[in-house]
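Biologist: I should like to go through this chain term by term. Please justify each label by its criterion.

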Amino acid sequence: MYDEELMHTVLDIFSEILDTLRKKQITDSQYYDSADVKRLLNISDSTLFRIRKSQNIPYIKIGKKIYYPKSFFNTALKK
């Protein structure tokens, strides 16, 4: 009985971990990183830096990495 309860608990924990990872992937896919933006716009590092500093593009910084919302590009490219 104890082994069965332990196995059930372990499976529940793994299930929660998988759910968390799936949610994280959905959240992560809502942003481009700098490499994605440079490829999308065909621009250099320095050009992206100038655009970012001129505040013409929204971004967030997490640690040392910079992310740009995909929604901004979807809206801007439709115009």
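Modeller: Among contacts between residues at least 6 apart in sequence, 49% join residues at least 24 apart. The model is a predicted one.

Biologist: Which elements does the chain contain, and in what order do they run?

Modeller: The chain has four helices and three strands. From the N terminus the order is α-β-α-α-β-β-α.

Biologist: How many salt bridges are there, and what makes K65 and D33 one of them?

Modeller: The structure holds three salt bridges. For K65 and D33, the closest N and O atoms are 3.5 Å apart. The limit is 4 Å between a side-chain nitrogen of Lys or Arg and a carboxyl oxygen of Asp or Glu, so the pair qualifies.

Biologist: Where in the chain do these two partners lie?

Modeller: K65 belongs to strand β3 (residues 65-69) and D33 to strand β1 (residues 31-33); they are 32 residues apart, and the pair links distant parts of the chain. Beyond its neighbours within four places in sequence, D33 is in contact with K65, I66, Y67 and Y68. The side chain of D33 also has a polar atom 3.0 Å from the backbone nitrogen of D36.

Biologist: Why is K65 called partly exposed?

Modeller: The relative accessibility of K65 is 39%. Buried requires under 20% and exposed over 50%, so K65 falls in between.

Biologist: What makes R39 and D36 a salt bridge, and how are the two placed along the helix?

Modeller: Their closest N and O atoms are 3.4 Å apart, and the cut-off is 4 Å, so the label applies. R39 and D36 are three residues apart in helix α2 (residues 34-41), and therefore about one helical turn separates them.

Biologist: Why do R39 and D36 receive their respective accessibility labels?

Modeller: R39 has 62% relative accessibility, which is over 50%, so R39 counts as exposed. D36 has 26%, which is neither under 20% nor over 50%, so D36 is partly exposed.

Biologist: How do you know that K38 and D45 form a salt bridge?

Modeller: The closest N and O atoms of K38 and D45 are 2.2 Å apart. That value is within 4 Å, so the criterion is met. K38, at 22% relative accessibility, is partly exposed because the value is not under 20%. D45 is exposed, because its 53% is over 50%.

Biologist: Which residues make up the largest nonpolar core?

Modeller: The seven residues are Y32, V37, L48, I57, I66, Y68 and F73. Membership requires burial and side-chain atoms within 4.5 Å, so each of the seven has under 20% relative accessible area.

Biologist: What does F73 touch beyond its neighbours within four places in sequence?

Modeller: F73 is in contact with Y32, V37, L40, L41, I57 and Y68.

Biologist: What proportion of the chain's residues counts as buried?

Modeller: Of the 79 residues, 13% are buried. The chain exposes about 6,700 Å², of which carbon and sulfur atoms supply 57%.

Biologist: Which residues form the nonpolar patch on the surface, and what makes L18 eligible for it?

Modeller: The patch consists of Y2, L6, V10, I13, F14, I17, L18 and L21, with about 780 Å² of accessible area together. L18, in helix α1 (residues 2-28), has 44% relative accessibility and is partly exposed. A patch residue needs over 30%, so L18 meets that requirement.

How values were computed. Residues are numbered from 1 along each chain as its sequence is written. This is a predicted model: local features need pLDDT of at least 70, side-chain atom pairs count only at pLDDT 80 or more; totals for chains, interfaces and linings use all residues. Side-chain values use heavy atoms; hydrogens and water are left out. Patches are made of residues with over 30% relative accessible area and no salt bridge: like charges are joined within 9 Å, nonpolar side chains (Val, Leu, Ile, Met, Phe, Trp, Tyr) within 5 Å. Accessible areas come from the Shrake-Rupley method with a 1.4 Å probe; for residues, only the protein chains shown count as cover. Buried means under 20% relative accessible area, exposed over 50%, partly exposed in between (1.4 Å probe, protein chains only). Contact means heavy atoms within 4.5 Å. A polar contact is a pair of N or O atoms within 3.5 Å; within protein, one must be able to donate a hydrogen and the other to accept it, and residues adjacent in sequence count only if both atoms are side-chain atoms.
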